[in-house]
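Let's take a walk through this fold, one piece at a time. Have the structure open as you read.

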Amino acid sequence: MKIAIIGATGFVGGNVLKEAAARGHAVTAIARNADKVPSLSGVTARSIDVTDEAALQQALSGHDVVISAFNPGWGDPDIYSKHRQGSAAIARAARLAGVRLIEVGGAGSLYAPDGSQFVDSPQFPAEYLDGARAARDALEDLRKETGLDWTFLSPPFELAPGPRTGKYRTGGDHPVMDEAGRSTISVADLAVALLDEAEKPAHRGRRFTVAY
C-alpha cells in the first residue's frame, strides 16, 4: 500500500512509521522537520506544516490511506486551538485528496460506565485536559463528515514504550479493561493495530479503541 503518516517523528507516529516500513509499504513520512525522520527502506520524508492545506493535499494525493498522529505538543499552552486547527486541516486535505483517514485521538473521549466521558471527570489530569478536549471535538467533527472515509482510534489510558507482541483486543466507545481493571498497551502494539486497520478496514466511519 501507499501510506502517508502525519506526525511521523512523534511518540506514536514514529512507531507507526517503523511498523509500516517493516510491512513493506511505500510510506510518505510527513513531519514539521523531515530531517528527523529515520532512514528506512521505502520511506520518503516530507517537511509539511499541516495547516498548509494545499501542500498537504498535494502530498496525500495518490495514497491509499493517511494515518494521522498529529499533536501540537502536550506542553503547548495553545494546544486546544492548534489541535483543532490542525485536525480540521488534515480532514479537509484528506477529503479533497480522496484518501482514507485514520486519526489517532485520545482516551479522554471514551465513556465511563455512568455514560459520562472521562475528559469531563474532575479527576482527569489537568495537564492533558485541553488536548483531550480538542481530540474529542475532532472526533465529533469527523462524525459530521459526509465526503470523507475516516476511522478514529482512541488509545487506552496507559500507553507506554514496550515490546511488540502483535496482540490486542478491540472495543468501541468504552475502554478495554484487563482482569486487573487496567486499560493499557505498548505503543508498538498500538502501531500494529493501526496498520492492521489500514490493511483490513474494520471500523470505517466510527471510533474504536484497543488494549491488552
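**From one strand to the whole sheet**

Four bridges tie strand β1 (residues 2-6) to β4, and the two strands run parallel. Keep in mind as you look around that this is a predicted model. You can pick out one pairing by eye: Ala-4 has Val-66 of β4 as its bridge partner.

On to β4 itself, which covers residues 65-68. Which way do its side chains point? Val-65 and Ile-67 go one way, while Val-66 and Ser-68 go the other. That fits a general habit: in a regular strand, side chains alternate between the two faces of the sheet. Here all four of those residues are buried.

β4 is also joined to strand β5 (residues 100-104) by four bridges, again in a parallel run. Val-66 turns up here too, with Leu-101 as its bridge partner in β5. How does the chain get from β4 to β5? It passes through helix α3 (residues 79-97), and this β-α-β crossover is right-handed.

Now go back to β1 and look at strand β2 (residues 26-31): five bridges join the two, and they run parallel. In that pair, Ile-3 sits opposite Val-27 of β2.

Time to zoom out. Eight strands make up an open sheet, and reading across you get β3-β2-β1-β4-β5-β6-β10-β8, with mixed pairing. The edges are held by β3 (43-47) and β8 (169-171); each has a single partner strand, so one side of each has no neighbour in the sheet. On average, neighbouring strands are turned by 25° against each other, if you ignore direction.

**Helices on the sheet**

Next, look at what packs on those strands. Helix α3 lies on the sheet and touches β1, β4 and β5, its direction making about 160° with that of β5. Helix α5 (residues 187-199) packs on the sheet as well, touching β1, β4, β5, β6 (150-154) and β10 (207-211). Its direction, too, makes about 160° with that of β5.

Finally, there's a helix pair to find. The axes of α3 and helix α4 (residues 126-143) come within 8 Å and cross at roughly 25°. Angles under 35 degrees count as roughly parallel, so that is how α3 and α4 are described. The crossing of α3 past α4 is right-handed. To see where they touch, look for residues including Ile-79, Tyr-80 and His-83 on α3, and Asp-130, Gly-131 and Arg-133 on α4.

Note on methods:
Residues are numbered from 1 along each chain as its sequence is written. This is a predicted model: local features need pLDDT of at least 70, side-chain atom pairs count only at pLDDT 80 or more; totals for chains, interfaces and linings use all residues. Side-chain values use heavy atoms; hydrogens and water are left out. Buried means under 20% relative accessible area, exposed over 50%, partly exposed in between (1.4 Å probe, protein chains only). Two strands pair if DSSP finds at least two bridges between them. A crossover is right-handed if, with the strands pointing away from the viewer, the path from the first strand over the helix to the second runs clockwise. Axes are lines fitted to C-alpha atoms, for helices over the stretch in contact, and angles run from 0 to 180 degrees between N-to-C directions. Contact means heavy atoms within 4.5 Å. Angles under 35 degrees count as roughly parallel, over 145 as roughly antiparallel, 65 to 115 as roughly perpendicular and the rest as oblique. A crossing is left-handed if the near helix is turned anticlockwise from the far one by less than a right angle, and right-handed if clockwise.
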